[in-house]
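Please take me through this structure in the viewer, one selection at a time. I would like to know what to select next and what is there.

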Amino acid sequence: MKTSFYDLNFNDLCEFVQKNALNESVASNLFNWHYKKKNLTKCTKDISKTALALIDDKFDFELPEVDLVHESADKTVKFLFKLQDGSKVESVLIPFHNKYSICLSSQVGCAMKCSFCFTGKQGLKRSLRPSEIVGQFLMAWNWLAENRPGEERILNIVFMGQGEPLHNFDSVKKACEIFLSKHGTSIGYQKITISTSGYIPGLKRWADEIPGVNLALSLHSPFDVKRDELIPINKAYPLEEVMKTIDSIPLAKKQFVTYEYLLIENFNDNIEDAHATGKMLKDKRAYINLIPFNPIPDSTYKRPGNERVAAFKEVLDTYKIPTLIRETKGDEVMAACGQLNSSEIS
Ligand code: SAH
Ligand code: SF4
């Protein structure tokens, strides 16, 4: 069985090069070809024939296949990718100022079963390998190069697609190491954000294993009772412990933690909840993202009106916490956050 080339970080590749007594430059040449230049074809340049034969023997270069592409009027692009075993996952390109952010999936489905989330409805099928995470990025980049030439600039990576990234820590970590590598895509630490529902076993590994990467917590309520209903793992990992663990992660200069707050009408969008959230976060290096609920099929939750969202933000402003209302992009193709579900088409 061959290993995927895209499962290896730069150190793994260097080890392979050393073990096989290949020229030292092989690792950097390969990273340059596949990750800096983002070629999808095999590398044929600057590497000896013997080395190429050995690499061919050991590695496959398969990437996720683009199964469907949906473009919306606001330039958001949703991809449905087909993986080698036939599973399907989605990624979304979100435009901002002539650049793109990419929202990546980390699992097929999700085990956390949050009550408001379309992905959670399908349960966990399996976790993705690093190559399947990195592959979403490379394929989306190449799609841009082909379809919107000159616009292939994906400068931010967010793990906010399908899955709980910290429940697939090893693969997400390796994918981050590949993205960060100066020999390849060279994406900055603070251009990568991992969003979590509060999975403490993963948060505990953060400081040692992925320091510097941005953290977003799906908070959604400052109260355990409400959080228990929204995010069932809150019962196992209650908010106070989640916050303690997050507070123990050192932040770089000017680094903030993002708290995502999903607003559901008459559930967690009232003024008292806004005050409680403000009190909880006012002394922390926090940003808040308010996300009005995106309707999903068979849900009784409702999206609050704009005035209620604005009133919630106004309260937070009094606590001097930078708060952004996340405008929904890609609504018409169900590409907004929390609307990703590939089960009906897989
Ligand atoms: N599993 C991780 C990351 C993926 S979900 C997490 O839960 O944080 C990415 C974001 O989309 C989370 O903040 C999640 O709470 C939000 N989300 C999920 N379903 C949503 C919906 N129906 N409307 C709006 N946001 C939603
Ligand atoms: Fe999983 Fe996040 Fe959806 Fe919860 S909100 S079910 S953790 S993807």
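**The whole chain**

Select the whole chain and colour it by accessibility: of its 346 residues, 54% count as buried, where buried means under 20% relative accessible area, exposed over 50% and partly exposed in between, with a 1.4 Å probe and protein chains only. This is a predicted model, in which local features need pLDDT of at least 70 and side-chain atom pairs count only at pLDDT 80 or more, while totals for chains, interfaces and linings use all residues. Residues are numbered from 1 along each chain as its sequence is written, chains are lettered from A and ligands numbered from 1 in the order in which they are written, and side-chain values use heavy atoms, with hydrogens and water left out.

Keep the chain selected and measure its extent: the C-alpha trace spans about 70 × 40 × 35 Å along its principal axes. Then switch to contacts (heavy atoms within 4.5 Å). Of those with a separation of 6 or more, 67% are between residues 24 or more positions apart.

**Around ligand 2**

Next, select ligand 2 and the residues near it (a heavy atom within 4 Å). The selection holds Cys110, Met112, Lys113, Cys114, Phe116, Cys117, Gly120, Gly163, Glu164 and Ser197.

**Two cysteines**

From that shell, pick Cys114: it is buried, at a relative accessible area of 11%. Go on to Cys103, which also counts as buried, at 3% relative accessibility.

Last, select the cysteine sulfur atoms. How many disulfides are there? With a disulfide taken as a pair of cysteine sulfur atoms within 2.5 Å, the count is 0.
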